[in-house]
Amino acid sequence: MSALTPDELDLVRASFRDLAPGAMEAAALFYDRLFEIGPALRPVFPADLERQCAKLMSMLGAVVAQLHDLPALLPMVGD
């Protein structure tokens, strides 16, 4: 896996910051699309996805924060 350039890191971080005000809506759209393409996955998740959406955005934030350090990032996303 190749490392991102400093400019690419800045772009990802800026994009994630721009997403922040609508983060929960973005997460809900993600799950809507996930269940659209994989309806069998729906029963695996709770009926109320609010907490799951928050977890998704929290993990994405942690990933974005560690993109500069791939050796630290890989075990985190592996868990």
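Below is a short conversation about how the labels on this predicted model are reached.

User: What makes the model one to trust or doubt, in terms of pLDDT?

Analyst: The pLDDT is the predictor's confidence in each residue, from 0 to 100. The protein has a mean pLDDT of 92, and 97% of its residues reach 70 or more. Helix 4 (residues 70-78) has the lowest mean among the elements, 85, and helix 2 (residues 23-37) the highest, 97. This is a predicted model, where local features need pLDDT of at least 70, side-chain atom pairs count only at pLDDT 80 or more, and totals for chains, interfaces and linings use all residues. Residues are numbered from 1 along each chain as its sequence is written, and side-chain values use heavy atoms, leaving out hydrogens and water.

User: How many helices and strands does the protein have?

Analyst: Four helices and zero strands. Helices (H or I, at least four residues) and strands (E, at least two) are DSSP runs, numbered from the N terminus.

User: How do you know that the length of helix 2 agrees with its number of residues?

Analyst: The expected span is 1.5 Å times one less than the number of residues. For the 15 residues of helix 2 that gives 21 Å, and the end C-alpha atoms are 21 Å apart, so the two agree.

User: What makes the buried residues of helix 2 line one face?

Analyst: Buried means under 20% relative accessible area, exposed over 50%, and partly exposed in between (1.4 Å probe, protein chains only). In helix 2, Ala23, Ala27, Tyr31, Leu34 and Phe35 are buried. Seen down the helix axis, the buried residues of helix 2 fall within an arc of 105°, so they line one face; the arc is that of the directions from the axis to the C-beta atoms. Glu25, Leu29, Glu36 and Ile37 are exposed, on the face of helix 2 turned away from the buried side.

User: Why is Ala62 called partly exposed?

Analyst: Ala62, in helix 3 (residues 50-66), has 26% relative accessibility, so it counts as partly exposed.

User: And why does Val77 count as partly exposed?

Analyst: Val77 belongs to helix 4. Its relative accessibility is 43%, so the label is again partly exposed.

User: Which residues make a nonpolar surface patch with Val77?

Analyst: Met59 and Leu74 join Val77 in a patch of about 250 Å². For a nonpolar patch, residues need over 30% relative accessible area and no salt bridge, with nonpolar side chains (Val, Leu, Ile, Met, Phe, Trp, Tyr) joined within 5 Å. A salt bridge is a side-chain nitrogen of Lys or Arg within 4 Å of a carboxyl oxygen of Asp or Glu.

How values were computed:
Patches are made of residues with over 30% relative accessible area and no salt bridge: like charges are joined within 9 Å, nonpolar side chains (Val, Leu, Ile, Met, Phe, Trp, Tyr) within 5 Å. Accessible areas come from the Shrake-Rupley method with a 1.4 Å probe; for residues, only the protein chains shown count as cover.
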